[in-house]
Amino acid sequence: MIRFDDQVAVITGSGRGLGAAYARLLAERGARVVIHDAGVNKEGTGFDPMVAADVASNIRKAGGVAIASDVLLDSRDNCRSLVEMTLLKFDRLDILIHNAGWVAYQSIQDLTPDFIQRAININIEAPTWLAQAAFPIMKQQNYGRIVLTTSDRAIYQQYALSGLAPYAMGKMAQIGLMNVLAVEGKEHSILVNAISPVAKTRMWKVQDEPLDLRPEQVAPGVLYLASGECRESGFILRASNGQFTAVRWIERDNVNYPLNLAAVESSTAEDLATRWQEIAADVAF
(Lines give C-alpha, C1' and ligand atoms only; values in the text may rest on other atoms or scores of the structure.)
Protein backbone atom coordinates (compact mmCIF):
# COMPACT_ATOMS: atom_id res chain seq x y z
CA MET A 1 0.00 0.00 0.00
CA ILE A 2 1.26 3.47 -0.84
CA ARG A 3 1.85 5.41 2.38
CA PHE A 4 2.85 8.99 3.17
CA ASP A 5 3.88 8.67 6.81
CA ASP A 6 6.00 11.64 7.96
CA GLN A 7 5.43 13.42 4.64
CA VAL A 8 3.87 16.86 4.36
CA ALA A 9 1.53 17.93 1.56
CA VAL A 10 0.17 21.34 0.62
CA ILE A 11 -3.02 21.16 -1.46
CA THR A 12 -4.37 24.45 -2.78
CA GLY A 13 -8.09 24.82 -3.30
CA SER A 14 -8.73 21.85 -1.03
CA GLY A 15 -11.71 23.15 0.90
CA ARG A 16 -14.16 21.64 -1.56
CA GLY A 17 -14.53 19.25 -4.48
CA LEU A 18 -11.44 17.70 -6.00
CA GLY A 19 -8.95 19.30 -3.63
CA ALA A 20 -10.82 18.09 -0.55
CA ALA A 21 -10.90 14.58 -2.01
CA TYR A 22 -7.14 14.68 -2.58
CA ALA A 23 -6.52 15.94 0.96
CA ARG A 24 -8.70 13.32 2.62
CA LEU A 25 -7.04 10.46 0.75
CA LEU A 26 -3.52 11.72 1.46
CA ALA A 27 -4.38 12.14 5.15
CA GLU A 28 -5.84 8.64 5.28
CA ARG A 29 -2.50 7.35 3.99
CA GLY A 30 -0.53 9.13 6.69
CA ALA A 31 0.36 12.52 5.19
CA ARG A 32 0.23 15.67 7.23
CA VAL A 33 -1.81 17.99 5.06
CA VAL A 34 -2.17 21.74 4.72
CA ILE A 35 -5.70 22.51 3.59
CA HIS A 36 -5.51 25.72 1.63
CA ASP A 37 -8.64 27.50 0.49
CA ALA A 38 -9.54 31.18 0.63
CA GLY A 39 -13.21 30.29 0.39
CA VAL A 40 -13.97 32.44 -2.63
CA ASN A 41 -17.28 32.18 -4.42
CA LYS A 42 -17.81 30.92 -7.98
CA GLU A 43 -17.10 34.41 -9.29
CA GLY A 44 -13.64 34.25 -7.75
CA THR A 45 -14.40 36.90 -5.12
CA GLY A 46 -15.39 36.87 -1.47
CA PHE A 47 -13.63 35.21 1.44
CA ASP A 48 -14.69 32.45 3.84
CA PRO A 49 -12.00 31.02 6.18
CA MET A 50 -14.34 28.28 7.38
CA VAL A 51 -14.15 26.46 4.04
CA ALA A 52 -10.59 25.31 4.72
CA ALA A 53 -11.05 25.10 8.47
CA ASP A 54 -13.99 22.69 8.22
CA VAL A 55 -12.10 20.22 6.00
CA ALA A 56 -9.05 20.33 8.26
CA SER A 57 -11.26 19.79 11.31
CA ASN A 58 -12.99 16.78 9.75
CA ILE A 59 -9.63 15.22 8.85
CA ARG A 60 -8.45 15.64 12.44
CA LYS A 61 -11.68 14.10 13.74
CA ALA A 62 -10.99 11.10 11.52
CA GLY A 63 -7.55 10.69 13.10
CA GLY A 64 -5.47 12.57 10.56
CA VAL A 65 -3.16 15.55 10.84
CA ALA A 66 -4.29 18.73 9.09
CA ILE A 67 -4.05 22.48 9.40
CA ALA A 68 -5.88 25.15 7.43
CA SER A 69 -4.73 28.19 5.48
CA ASP A 70 -7.01 30.80 3.93
CA VAL A 71 -4.36 33.05 2.37
CA LEU A 72 -5.24 34.53 -1.01
CA LEU A 73 -2.76 33.31 -3.61
CA ASP A 74 -2.80 36.63 -5.43
CA SER A 75 0.85 37.62 -4.97
CA ARG A 76 4.33 36.17 -4.78
CA ASP A 77 4.57 37.09 -1.10
CA ASN A 78 1.30 35.35 -0.24
CA CYS A 79 2.33 32.19 -2.08
CA ARG A 80 5.63 32.22 -0.22
CA SER A 81 3.82 32.72 3.09
CA LEU A 82 1.83 29.51 2.54
CA VAL A 83 5.05 27.54 2.13
CA GLU A 84 6.70 29.32 5.08
CA MET A 85 3.73 28.52 7.32
CA THR A 86 4.02 24.86 6.30
CA LEU A 87 7.70 24.80 7.22
CA LEU A 88 7.04 26.55 10.52
CA LYS A 89 4.43 23.96 11.45
CA PHE A 90 5.90 20.74 10.01
CA ASP A 91 9.56 21.54 9.23
CA ARG A 92 9.41 20.04 5.72
CA LEU A 93 7.45 19.97 2.48
CA ASP A 94 7.31 16.86 0.33
CA ILE A 95 4.27 17.40 -1.87
CA LEU A 96 2.78 20.46 -3.55
CA ILE A 97 -0.54 20.04 -5.34
CA HIS A 98 -1.87 23.13 -7.07
CA ASN A 99 -5.56 22.41 -7.49
CA ALA A 100 -6.94 25.91 -6.92
CA GLY A 101 -8.54 27.38 -9.99
CA TRP A 102 -11.32 29.55 -11.31
CA VAL A 103 -13.82 28.83 -14.05
CA ALA A 104 -15.80 31.70 -15.54
CA TYR A 105 -16.95 32.70 -19.01
CA GLN A 106 -16.30 35.86 -20.95
CA SER A 107 -16.16 36.01 -24.72
CA ILE A 108 -13.10 37.42 -26.45
CA GLN A 109 -15.08 40.53 -27.45
CA ASP A 110 -16.20 41.16 -23.86
CA LEU A 111 -12.93 40.19 -22.16
CA THR A 112 -11.71 42.75 -19.62
CA PRO A 113 -8.28 43.24 -18.03
CA ASP A 114 -9.61 42.47 -14.53
CA PHE A 115 -11.18 39.22 -15.72
CA ILE A 116 -8.07 37.91 -17.44
CA GLN A 117 -5.81 39.03 -14.58
CA ARG A 118 -7.86 37.01 -12.11
CA ALA A 119 -7.35 33.92 -14.28
CA ILE A 120 -3.63 34.65 -14.65
CA ASN A 121 -3.22 35.09 -10.88
CA ILE A 122 -4.54 31.66 -9.93
CA ASN A 123 -3.59 29.60 -12.99
CA ILE A 124 -0.18 31.01 -13.92
CA GLU A 125 1.34 33.19 -11.24
CA ALA A 126 0.28 31.17 -8.19
CA PRO A 127 1.74 27.82 -9.30
CA THR A 128 4.91 29.58 -10.42
CA TRP A 129 5.49 31.37 -7.11
CA LEU A 130 4.50 28.31 -5.09
CA ALA A 131 7.00 26.19 -7.01
CA GLN A 132 9.66 28.86 -6.56
CA ALA A 133 9.13 28.76 -2.79
CA ALA A 134 8.99 24.95 -2.63
CA PHE A 135 11.98 24.13 -4.84
CA PRO A 136 14.77 25.10 -2.39
CA ILE A 137 13.17 22.97 0.32
CA MET A 138 12.74 19.99 -1.96
CA LYS A 139 16.29 20.37 -3.28
CA GLN A 140 17.63 20.30 0.26
CA GLN A 141 15.61 17.14 0.95
CA ASN A 142 16.64 15.71 -2.43
CA TYR A 143 12.99 14.74 -2.84
CA GLY A 144 9.77 16.35 -3.91
CA ARG A 145 6.57 15.82 -5.83
CA ILE A 146 4.65 18.62 -7.55
CA VAL A 147 1.26 18.08 -9.19
CA LEU A 148 -0.17 20.87 -11.33
CA THR A 149 -3.64 20.99 -12.86
CA THR A 150 -4.49 21.28 -16.53
CA SER A 151 -7.74 20.63 -18.38
CA ASP A 152 -9.06 18.79 -21.39
CA ARG A 153 -10.96 22.02 -22.11
CA ALA A 154 -7.59 23.54 -22.99
CA ILE A 155 -5.72 20.57 -24.47
CA TYR A 156 -8.34 19.34 -26.94
CA GLN A 157 -10.17 21.66 -29.31
CA GLN A 158 -13.22 19.39 -29.41
CA TYR A 159 -13.75 20.04 -25.69
CA ALA A 160 -13.11 23.79 -25.80
CA LEU A 161 -15.99 26.07 -24.88
CA SER A 162 -16.75 29.61 -25.99
CA GLY A 163 -15.84 32.15 -23.33
CA LEU A 164 -13.17 30.03 -21.64
CA ALA A 165 -10.10 31.64 -23.24
CA PRO A 166 -8.47 32.89 -19.98
CA TYR A 167 -9.13 29.56 -18.26
CA ALA A 168 -7.74 27.54 -21.18
CA MET A 169 -4.68 29.79 -21.44
CA GLY A 170 -3.89 29.26 -17.78
CA LYS A 171 -4.33 25.50 -17.96
CA MET A 172 -2.05 25.23 -20.98
CA ALA A 173 0.50 27.44 -19.22
CA GLN A 174 0.71 24.90 -16.41
CA ILE A 175 1.80 22.27 -18.95
CA GLY A 176 4.66 24.53 -20.01
CA LEU A 177 5.57 25.11 -16.38
CA MET A 178 5.45 21.37 -15.74
CA ASN A 179 7.85 20.62 -18.59
CA VAL A 180 10.43 23.14 -17.42
CA LEU A 181 10.19 22.20 -13.74
CA ALA A 182 10.52 18.53 -14.66
CA VAL A 183 13.88 19.38 -16.23
CA GLU A 184 15.01 21.63 -13.37
CA GLY A 185 13.98 19.13 -10.72
CA LYS A 186 15.31 15.93 -12.27
CA GLU A 187 18.75 15.85 -10.66
CA HIS A 188 17.21 16.61 -7.26
CA SER A 189 14.58 13.82 -7.35
CA ILE A 190 11.82 16.41 -7.74
CA LEU A 191 9.19 15.04 -10.08
CA VAL A 192 6.59 17.30 -11.64
CA ASN A 193 3.43 16.09 -13.36
CA ALA A 194 -0.06 17.38 -14.08
CA ILE A 195 -3.55 16.05 -13.56
CA SER A 196 -6.32 16.75 -16.07
CA PRO A 197 -9.42 15.88 -14.02
CA VAL A 198 -13.10 15.68 -14.77
CA ALA A 199 -15.50 15.69 -11.82
CA LYS A 200 -18.91 17.04 -10.99
CA THR A 201 -18.23 19.83 -8.50
CA ARG A 202 -19.74 23.26 -7.85
CA MET A 203 -18.22 24.41 -11.15
CA TRP A 204 -20.78 22.07 -12.76
CA LYS A 205 -23.44 23.61 -10.49
CA VAL A 206 -23.70 20.22 -8.77
CA GLN A 207 -24.56 20.47 -5.08
CA ASP A 208 -25.54 16.90 -4.20
CA GLU A 209 -23.31 13.84 -4.27
CA PRO A 210 -23.02 12.85 -7.95
CA LEU A 211 -23.65 9.30 -9.12
CA ASP A 212 -20.79 9.46 -11.59
CA LEU A 213 -17.75 11.67 -12.29
CA ARG A 214 -17.09 11.88 -8.54
CA PRO A 215 -14.02 13.71 -7.19
CA GLU A 216 -13.09 10.57 -5.25
CA GLN A 217 -12.64 8.77 -8.57
CA VAL A 218 -9.89 11.21 -9.57
CA ALA A 219 -8.06 11.22 -6.22
CA PRO A 220 -6.15 7.91 -6.68
CA GLY A 221 -4.39 9.41 -9.71
CA VAL A 222 -3.17 12.39 -7.71
CA LEU A 223 -2.20 10.08 -4.85
CA TYR A 224 0.05 8.14 -7.22
CA LEU A 225 1.63 11.23 -8.80
CA ALA A 226 2.35 12.59 -5.32
CA SER A 227 3.96 9.37 -4.11
CA GLY A 228 7.41 7.86 -4.09
CA GLU A 229 6.06 5.10 -6.31
CA CYS A 230 5.82 7.61 -9.14
CA ARG A 231 9.13 7.61 -11.01
CA GLU A 232 8.12 9.62 -14.10
CA SER A 233 8.10 13.35 -14.68
CA GLY A 234 6.45 15.57 -17.27
CA PHE A 235 3.29 13.52 -17.77
CA ILE A 236 -0.32 14.66 -17.98
CA LEU A 237 -2.61 12.18 -16.25
CA ARG A 238 -6.15 12.40 -17.60
CA ALA A 239 -8.61 11.22 -14.95
CA SER A 240 -12.35 10.81 -15.30
CA ASN A 241 -14.97 8.48 -13.83
CA GLY A 242 -12.38 6.16 -12.30
CA GLN A 243 -10.38 5.85 -15.51
CA PHE A 244 -6.84 7.10 -16.16
CA THR A 245 -4.59 7.60 -19.16
CA ALA A 246 -1.16 9.24 -19.18
CA VAL A 247 -0.14 11.43 -22.11
CA ARG A 248 2.67 13.76 -23.10
CA TRP A 249 4.01 15.28 -26.28
CA ILE A 250 7.03 13.47 -27.68
CA GLU A 251 9.07 14.19 -30.79
CA ARG A 252 8.87 11.96 -33.85
CA ASP A 253 11.80 9.72 -34.76
CA ASN A 254 14.86 11.00 -36.63
CA VAL A 255 14.34 14.65 -35.70
CA ASN A 256 17.47 16.75 -35.23
CA TYR A 257 15.87 19.80 -33.62
CA PRO A 258 15.81 22.55 -34.80
CA LEU A 259 17.62 22.04 -38.10
CA ASN A 260 15.79 18.94 -39.26
CA LEU A 261 12.20 18.21 -38.29
CA ALA A 262 12.18 15.03 -40.41
CA ALA A 263 9.15 16.55 -42.08
CA VAL A 264 7.80 17.81 -45.40
CA GLU A 265 10.09 20.31 -47.10
CA SER A 266 8.50 23.34 -48.74
CA SER A 267 9.67 26.81 -49.73
CA THR A 268 6.39 28.56 -50.55
CA ALA A 269 3.01 29.00 -48.94
CA GLU A 270 1.41 27.78 -52.16
CA ASP A 271 3.32 24.50 -51.91
CA LEU A 272 2.18 24.13 -48.29
CA ALA A 273 -1.40 24.63 -49.41
CA THR A 274 -1.22 21.85 -51.98
CA ARG A 275 0.60 19.49 -49.61
CA TRP A 276 -1.38 20.23 -46.46
CA GLN A 277 -2.90 16.75 -46.24
CA GLU A 278 0.63 15.33 -46.26
CA ILE A 279 1.92 17.87 -43.74
CA ALA A 280 -0.97 17.17 -41.38
CA ALA A 281 -1.02 13.42 -42.07
CA ASP A 282 -0.66 12.57 -38.36
CA VAL A 283 -3.71 14.65 -37.40
CA ALA A 284 -7.17 13.15 -37.51
CA PHE A 285 -9.62 15.35 -39.46
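**Group meeting: a walk through the chain**

Let's start with one residue, Leu-272: its relative accessibility is 35%, so it counts as partly exposed. Keep in mind that this is a predicted model. Leu-272 sits in helix 8, which covers residues 269-274. On the surface, Leu-272 joins Trp-276 and Ile-279 in a nonpolar patch, and together they have about 260 Å² of accessible area.

Okay, what else is in that stretch? Asp-271, Arg-275 and Glu-278 are linked in a network of salt bridges. Arg-275 pairs with Asp-271, with the closest N and O atoms 3.7 Å apart, and also with Glu-278, where that distance is 3.2 Å. As for accessibility, Arg-275 is partly exposed at 26%, Asp-271 is partly exposed at 24%, and Glu-278 is partly exposed at 45%.

Now, how many salt bridges turn up in the whole structure? The search finds 6. Another one of them joins Arg-238 and Asp-152, with the closest N and O atoms 2.8 Å apart. That pair ties together distant parts of the chain: Arg-238 belongs to strand 7 and Asp-152 to helix 5, 86 residues apart. Is Asp-152 buried or exposed? Its relative accessible area is 10%, under the 20% cut-off, so Asp-152 is buried. Arg-238, at 22%, is partly exposed.

Zooming out, the chain has 9 helices and 8 strands. Its radius of gyration is 20 Å, close to the 19 Å the globule rule gives for 285 residues, so the chain is as compact as a globular protein of that length. And 44% of the residues count as buried.

Key: Residues are numbered from 1 along each chain as its sequence is written. This is a predicted model: local features need pLDDT of at least 70, side-chain atom pairs count only at pLDDT 80 or more; totals for chains, interfaces and linings use all residues. Side-chain values use heavy atoms; hydrogens and water are left out. Patches are made of residues with over 30% relative accessible area and no salt bridge: like charges are joined within 9 Å, nonpolar side chains (Val, Leu, Ile, Met, Phe, Trp, Tyr) within 5 Å. Accessible areas come from the Shrake-Rupley method with a 1.4 Å probe; for residues, only the protein chains shown count as cover. A salt bridge is a side-chain nitrogen of Lys or Arg within 4 Å of a carboxyl oxygen of Asp or Glu. Helices (H or I, at least four residues) and strands (E, at least two) are DSSP runs, numbered from the N terminus. Buried means under 20% relative accessible area, exposed over 50%, partly exposed in between (1.4 Å probe, protein chains only). The radius of gyration is taken over C-alpha atoms; the globule rule is 2.2 Å times the number of residues to the power 0.38.
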